[in-house]
Amino acid sequence: MPLYSDPRLLALGVIHGTTDRAAGNMRLAENTYRLFKALEINETDILRFKQIHSDRLICVSSREEAQRIQTQCTLQEADGWILRGEGFGAAILTADCVPLLVWDEKASVVALVHCGWRGIAAQLPAKIVQLLQKNGAQGDLSAWAGPHIQSCCFEVQQDVAEKFPSCLLHKNGKLYVDLNKEITCQLTGAGVKTENIRLPYHCTCGDKARFFSYRREHTKDAMLTFVYKP
Ligand SMILES: [Zn+2]
């Protein structure tokens, strides 16, 4: 099954990617089971949380800590992971929101974050950089985003537009937000080099053949973005 991923991060030995429609609705256990089986990853080593469109991130600094989290009976509420250590990973669900990965020079610290417009408006991309640095990130940071809603389809009303004054597009009397521009501004503002930021233009809302889209379909069907360090 196709996976969207970043060759730079694969070269650092980090298995990761975003699924598409072909992999099925990733809210269903049978579909995540099939994905991780195909990748030969033990699904119990993949951390999950309850996504709440916040700016809350959970830092996990070892496999032991990951295993402790897995034994808790209720999922924590958050929208991002900051991961150190090996032998475990994490996953998030999206269907228009931005699955954002940020990592340091040797990918010794990797962030995987569910960035909805609310989180982005709350400076979540900038916060990721600060948290990576607090968790021992070394050298230059790099960033990549999986498929998400792009400025061609992200039409907003005035209340949302007001939160992104420098990333608005006006077309036929309607307002659209360019989330890639906002994410780039926040990351570079926090010290990430522009050339290290790659946000490929795959529009979940505009490409029905390949992606699920909450805005287009109003269903809960979702794609999975995961990261795993062997
Ligand atoms: Zn589009």
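Start by selecting residues 179-189, which form helix α7, together with helix α5; the two pack at an angle of about 30°, and their axes are 8 Å apart. The model you have open is a predicted one. Angles under 35 degrees count as roughly parallel, and α5 and α7 are therefore roughly parallel to each other. Turn the view until one helix lies in front of the other: α5 passes α7 in a right-handed crossing.

Next, show the side chains where these helices meet. On α5, pick P125, A126 and V129. On α7, pick I183, Q186, L187 and G189. What classes of residue make up the contact of α5 with α7? There are 5 nonpolar residues, 2 polar ones and no charged ones.

Now move to the sheet. Strands of a sheet pair through backbone hydrogen bonds, either parallel or antiparallel. Here, 6 strands form an open sheet with mixed pairing, in the order β3-β4-β7-β6-β8-β12. Which strands stand at the edges? Select 57-60 for β3 and 197-198 for β12: each has a single partner strand, so one side of each is left without a neighbour in the sheet.

From β3, step inward to β4, residues 80-84, and then to β7, residues 109-115. These two strands pair in the antiparallel sense over 5 bridges. To see one position in this pairing, select R84, which stands opposite V109 in β7.

Finally, bring back α5, residues 124-134, which packs on the sheet. The helix touches β3, β4, β6 (98-103) and β7. Compare directions: that of α5 makes about 160° with that of β7.

How values were computed
Residues are numbered from 1 along each chain as its sequence is written. This is a predicted model: local features need pLDDT of at least 70, side-chain atom pairs count only at pLDDT 80 or more; totals for chains, interfaces and linings use all residues. Two strands pair if DSSP finds at least two bridges between them. Helices (H or I, at least four residues) and strands (E, at least two) are DSSP runs, numbered from the N terminus. Two residues are in contact if their C-beta atoms, placed from the backbone, lie within 7 Å. Axes are lines fitted to C-alpha atoms, for helices over the stretch in contact, and angles run from 0 to 180 degrees between N-to-C directions. Angles under 35 degrees count as roughly parallel, over 145 as roughly antiparallel, 65 to 115 as roughly perpendicular and the rest as oblique. A crossing is left-handed if the near helix is turned anticlockwise from the far one by less than a right angle, and right-handed if clockwise. Ala, Val, Leu, Ile, Met, Phe, Trp, Tyr, Cys and Pro count as nonpolar, Asp, Glu, Lys and Arg as charged, and the others, Gly among them, as polar.
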